[in-house]
Amino acid sequence: MKDIDLVYFSPTGNTRKTLQTIAAGAQTQVIEHDRTYPQGRREKLHFTKDSFVILGCPVYAGRIPQKPENIFEGIEGDDTPVVLVVTYGNREYDDALLELKNLAIENGFIPVAAAAFLAVHSYSDKLAGGRPDENDLKIMGDFGRTIRGNYLRKNDYKGTLIVKGNYPYKDGMNYTPLAPEVSEDCTQCGECVSVCPVAAINPDDPTETDPDLCIRCCACVRICPVEARKFTAPPFLATVQFLEGNFAGIYKKPEIFYITED
Ligand SMILES: Cc1cc2nc3c(=O)[nH]c(=O)nc-3n(C[C@H](O)[C@H](O)[C@H](O)COP(=O)(O)O)c2cc1C
Ligand code: SF4
Ligand code: SF4
């Protein structure tokens, strides 16, 4: 029975939780490689034919996150089987799973399964609020059990994995400089500093955030114990309003894809 290596980027924790729940269903030894913070992203990872990897990230504007640039840099497989997972917040995952699959193939992996799971949108609890719910957690666990049954004992993976998505990919995020506003309620506790994946928040004064570095992941907004951090720029608020107007109150189901023999 193979161990599983989890490799993920997950600023607000949804993707990490999803991968951990899948791995728990597979009932094997799990090793985690968290690529969310700069130190983790610098780690070079080399996997062999005998490894088994689950690779995951959130969907950002229908793509895998384009910033920070190095979320999956320096990760190499050697005909290593991989399961690809994206989480998204009730709009769509568009081309993200296809992009993750192609990236994995370019780096020496053999995709054997893939999934898109729903999880609360980083921007608003009205979008996929309460997800993953009990049903999602069960589907994740069952997915893990299927992975164990079908792939963890094998060393020969033949066939093609087809996932949803188009190439050329969507444009992705338009990163005009932007950062959360900080109200006078800030107590300088520093919690936001410790969760920022790109070190955009000044540790000496957390009310200062570098808008050129910020990737709008909302990790700081969600962790702040006094709700002092908020994106207030009109274009951001318009996006949230559009999303809530069009994608709140809809129950989307997780989608899972498996390799099929040619
Ligand atoms: C910058 C940004 C862009 C996003 N774009 C999308 C999107 O295109 N479609 C969607 O359904 N959810 C989108 N989301 C929601 C996230 O994909 C979702 O909340 C995800 O589970 C967050 O993962 P994490 O908790 O692992 O960081 C976006 C979130 C952020 C922060
Ligand atoms: S988490 Fe909130 S209160 Fe704490 S330093 Fe950051 S902004 Fe201030
Ligand atoms: S400052 Fe920007 S990048 Fe850093 S945690 Fe907050 S939203 Fe994310």
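## Surroundings of ligand 2

The shell of residues around ligand 2 comprises seven nonpolar, three polar and one charged. This is a predicted model. Four cysteines belong to that shell by name: Cys186, Cys189, Cys192 and Cys224. The other residues surrounding ligand 2 are Thr187, Gln188, Gly190, Pro206, Pro225, Val226 and Arg229. Arg229 is the charged member, because Arg is counted as charged. The site occupied by ligand 2 is the largest cavity.

## Salt bridges across the chain

Side chains of opposite charge can pair when their charged atoms come close. There are twelve salt bridges in the structure. One of them joins Asp125 to Arg222, with 2.9 Å between the closest N and O atoms. This pair connects distant parts of the chain, 97 residues apart: Asp125 lies in the loop between strand 7 (109–118) and helix 4 (134–151), and Arg222 lies in helix 6 (residues 219–223). Asp125 is exposed, at 54% relative accessibility, whereas Arg222 is partly exposed at 37%.

Lys164 and Glu255 form another salt bridge, their closest N and O atoms being 3.5 Å apart. Here too the partners come from distant parts of the chain, 91 residues apart, with Lys164 in the loop between helix 4 and strand 8 (181–182) and Glu255 in strand 10 (residues 255–258). Both are partly exposed: Lys164 has a relative accessible area of 35% and Glu255 one of 23%. Lys164 and Glu255 also belong to a network of salt bridges that includes Glu92 and Lys252.

## A buried arginine

Arg131 pairs with Asp133 in a salt bridge, with the closest N and O atoms 3.9 Å apart. Arg131 is buried, with a relative accessible area of 6%, while Asp133 is partly exposed at 21%.

Definitions and conventions:
Residues are numbered from 1 along each chain as its sequence is written. Chains are lettered from A and ligands numbered from 1 in the order in which they are written. This is a predicted model: local features need pLDDT of at least 70, side-chain atom pairs count only at pLDDT 80 or more; totals for chains, interfaces and linings use all residues. Side-chain values use heavy atoms; hydrogens and water are left out. A residue is near a molecule or strand if one of its heavy atoms lies within 4 Å of it. On a 1 Å grid over the protein atoms alone, a cavity is a set of points where a 1.4 Å probe fits but cannot get out, and a pocket is an open set with protein on both sides within 12 Å along at least five of seven lines; lining residues have an atom within 4 Å of a point. A molecule sits in a cavity or pocket if more than half of its atoms lie within 2 Å of its grid points. A salt bridge is a side-chain nitrogen of Lys or Arg within 4 Å of a carboxyl oxygen of Asp or Glu. Helices (H or I, at least four residues) and strands (E, at least two) are DSSP runs, numbered from the N terminus. Buried means under 20% relative accessible area, exposed over 50%, partly exposed in between (1.4 Å probe, protein chains only).
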